[in-house]
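Reader: I'm new to this one, so could you put it up and then take me through it slowly?

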Amino acid sequence: MSESPLLVEPRPGYRKLTLNRPQKLNAFDAGLHQALFKALEEAAFDPACRAVLLTGAGRGFCAGQDLAEPGLTGPEADLAGVIERGWNRLIRAIRALPKPVVCAVHGVAAGAGASVAFACDITLAAETAKFSQAFIKIGLVPDSGATWTLPRLVGPARARALAMLGDTITGSEAAAMGAVWRAVPEDKLMEEAEALCARLARLPAKALAETKRILDASEGNSLDAQLDLEAKVQLQLGRSHDYAEGVNAFAQKRAPRFEGAPE
Ligand code: LHQ
């Protein structure tokens with residue numbers, strides 16, 4: 001029996017998902033897309049899962065689309081279909097998940113593999129990781145949201161150069177330009193990522209879900225609309241058990257115990 005393209009490991013309070021096609025630098029085929037989409041759906045519905053950790057097996061995170069998949073070249077090639085059924089569905093699922101998605105990148109993050117890392121909530125990279133918007137090298141534009149996420153993360157000047165040149169940058173450079181949250185020594189990456197997930201799992205889940213949702217909403221909102229949205233969400237959270245617990249714990253000078261579910 002062939003090994004699963006995705007390893008799913010439950011951890012206390014979160015779930016670790018490992019892309020598992022190391023012989024192809026975890027390039028995605030339809031099977032990996034299907035497995036990851038299903039795992040994200042399961043993570044969404046499991047109240048015990050309060051965060052997701054996404055990483056890759058072997059010597060890299062992900063080399064993007066599996067270029068050896070049938071139907072990707074020639075006059076009948078339907079790249080839009082491949083993108084819509086696989087990559088766009090994945091990026092939408094990551095953003096719609098009402099729980100933080102932490103991404104741990106070591107080695108290669110190329111093409112749509114880099115786009116996935118940019119779409120996660122908190123991305124940690126090994127200092128030595130290699131990010132590249134490799135699309136231009138095969139005659140394509142950045143996809144899987146990178147033309148949207150990258151300029152917002154690093155600013156238009158850097159986004160244009162990264163997308164047009166397809167240059168490889170290290171994890172340290174990616175962190176310095178704001179493409180990822182932090183770069184850490186490669187041998188500390190998994191320890192740091194797991195600690196971050198454990199920390200997120202102890203935070204108030206509903207407030208985390210709403211933070212994710214309203215930060216995303218801000219991209220299309222005026223300041224006025226965003227002020228209204230913040231007040232509306234705060235009204236709801238202000239009546240939650242987690243808020244009462246947070247304020248009580250502060251007054252009593254003790255650590256809070258947040259138990260509310262995201263939905
Ligand atoms: C691969 C891949 C790969 C298959 C390494 N596919 N096997 C969306 C929709 C539709 C169409 C197109 O695209 C998209 C979005 C995209 O993601 S486009 C961008 C696709 N990705 C790339 O263009 C990157 C291709 N890979 C590379 O340029 C190199 O592998 C990099 C620079 C990432 C790493 O180089 P090395 O460290 O030297 O490793 P390698 O090239 O020796 O790769 C190791 C193996 O992995 C090798 O297999 P082999 O059997 O020869 O050992 C590669 O063929 C395989 N592999 N990427 N995307």
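Reader: Which residue of strand 9 stands opposite L124?
Author: In this predicted model, the residue of strand 9 that stands opposite L124 is R182. Strands here are DSSP runs of E with at least two residues, helices are runs of H or I with at least four, and both are numbered from the N terminus.

Reader: And how do strand 6 and strand 9 run, parallel or antiparallel?
Author: Strand 6 and strand 9 run parallel and are joined by three bridges; two strands pair if DSSP finds at least two bridges between them.

Reader: What's the strand order in the six-strand sheet?
Author: The order is 1-2-3-4-6-9, in an open sheet whose pairing is mixed. Strand 1 (6-11) and strand 9 (182-184) are its edge strands, each of them pairing on one side only, and from one strand to the next the twist averages 20 degrees.

Reader: What does helix 7 lie across?
Author: Helix 7, residues 189-202, lies across strand 1, strand 2 (14-19), strand 3 (52-56), strand 4 (101-105), strand 6 and strand 9, and it runs at about 165 degrees to strand 6. Angles run from 0 to 180 degrees between N-to-C directions of axes fitted to C-alpha atoms, for helices over the stretch in contact, where contact means heavy atoms within 4.5 Å.

Reader: Before we move on, how are residues numbered, and what pLDDT is needed?
Author: Numbering starts from 1 along each chain as its sequence is written. Local features need pLDDT of at least 70 and side-chain atom pairs 80 or more, while totals for chains, interfaces and linings use all residues, and side-chain values use heavy atoms, with hydrogens and water left out.

Reader: OK, other sheet now: in what order do the three strands come?
Author: They come in the order 5-7-8, forming an open sheet with mixed pairing. Strand 5 (108-110) and strand 8 (168-170) stand at the edges with a single partner strand each, so one side of each has no neighbour in the sheet.

Reader: How many bridges join strand 7 to strand 8?
Author: Three bridges join strand 7, residues 130-132, to strand 8, and these two strands run antiparallel. One residue pair to look for is F131 with its bridge partner I169 in strand 8. Helix 3 packs on this sheet, where it touches strand 5 and strand 7, and its direction makes about 95 degrees with that of strand 5.

Reader: Which residues line the largest cavity?
Author: The lining consists of F118, F131, S132, Q133, L150, L162, D167, I169 and A179, so F131 and I169 come up again here, around a volume of about 50 Å³. On a 1 Å grid, a cavity is where a 1.4 Å probe fits but cannot get out, a pocket is an open set with protein on both sides within 12 Å along at least five of seven lines, and lining residues have an atom within 4 Å of a point. Volumes are the space filled by probe spheres set on the points.

Reader: And how much space lies in the largest pocket?
Author: About 670 Å³ of space lies in the largest pocket, which is lined by 28 residues, with R95, C120, D121, L215 and D216 closest to its centre. Helix 8 supplies the largest share of that lining, six residues.

Reader: What about the second largest pocket, which residues lie nearest its centre?
Author: Q65, L67, F135, I138 and L140 lie nearest the centre of the second largest pocket, out of 19 lining residues, and the space there is about 410 Å³. Helix 2 gives the most to this lining, with four residues.
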